[in-house]
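Please open the model in your viewer and keep the selection tool at hand. The stops below follow one another from charged side chains to an aromatic pair.

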Amino acid sequence: MGHRLSKIYTRTGDDGTTGLGDGSRIHKDHCRMEGIGTIDEVNSFIGLLMAELNSTDPYLPLLARIQHDLFDLGGELAVPGYTMISPERIDELEASLDELNADLPPLKNFILPGGSKAAALCHMARSVCRRAERCLVALSKTDEVNATGRKYLNRLSDFLFVMARLLALRDGGQEVLWVQADKR
């Protein structure tokens, strides 16, 4: 990157627009910017989750890889027509998901976010990931969007759900089971 970010403020966005990687400018409330911002939120929650885990946690490298994928996906949106997320990333994420899910007990109830701090942070990342996916679906109605990125987010939210379950059980917590209103 060199000295690309030597000056943080440019004042070019003061008019309510922002520049894309292809040189075009769009309004800051455009669906594309909503997608970029929401993907950044997912990435930030994963960073917060990683900060909560022990520095030797075996899941840190996998979460770091996911953070890079999310940054790549944001880059795709920032440069219309550019592709960085490949179908192989979805395959790798599915393989990791299957591995994590293999030792978990089957779900017989819905679960609520919580169980441990790490699990709750993972649920936060998952719920924001679902919103990011919805942003890409909305954007794809008007603009060309790499379908692989949308699929990646769909799979990532599944992955984060499974990881939240695993963290709740691993960290000495318990999964918080939803109880129907008439049974509370």
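Begin by selecting D69 and R65, which lie four residues apart in helix α2 (residues 60-78) and are therefore separated by about one helical turn. In this predicted model, the two form a salt bridge whose closest N and O atoms are 3.4 Å apart. D69 is buried, with a relative accessible area of 2%, whereas R65 counts as partly exposed at 38%.

Keep R65 selected and add E92, since the side chains of R65 and E92 also meet in a salt bridge, at 4.0 Å from N to O. This pair links distant parts of the chain, with R65 in helix α2 and E92 in helix α3, 27 residues apart. E92 is partly exposed, its relative accessible area being 40%. If you now add R89, you have the network of R65, D69, R89 and E92, joined by salt bridges that share partners.

Next, select D143 and R32, whose side chains form a salt bridge of 3.2 Å, N to O. D143 sits in the loop between α4 and α5 (147-170), and R32 in helix α1 (residues 31-52), 111 residues away along the chain. R32 is buried at 4% relative accessible area, while D143 is partly exposed at 23%.

Finally, turn to the one aromatic pair that the structure holds. F110 and W178 are arranged edge-to-face, with 5.9 Å centre to centre and 70° between the planes. F110 lies in the loop between α3 (87-101) and β3 (111-112), and W178 in the segment after β4 (176-177). F110 counts as exposed at 61% relative accessibility, and W178 is partly exposed at 35%.

Key
Residues numbered from 1 in each chain as written. Predicted model: local features only at pLDDT ≥ 70, side-chain atom pairs only at ≥ 80, totals over all residues. Heavy atoms only, no water. Phe/Tyr/Trp six-rings, centres within 6.5 Å; stacked < 30°, edge-to-face > 60°. Helix = DSSP H or I, 4+ residues; strand = E, 2+ residues; numbered from the N terminus. Buried < 20%, exposed > 50% of the residue type's maximum accessible area, 1.4 Å probe, protein only.
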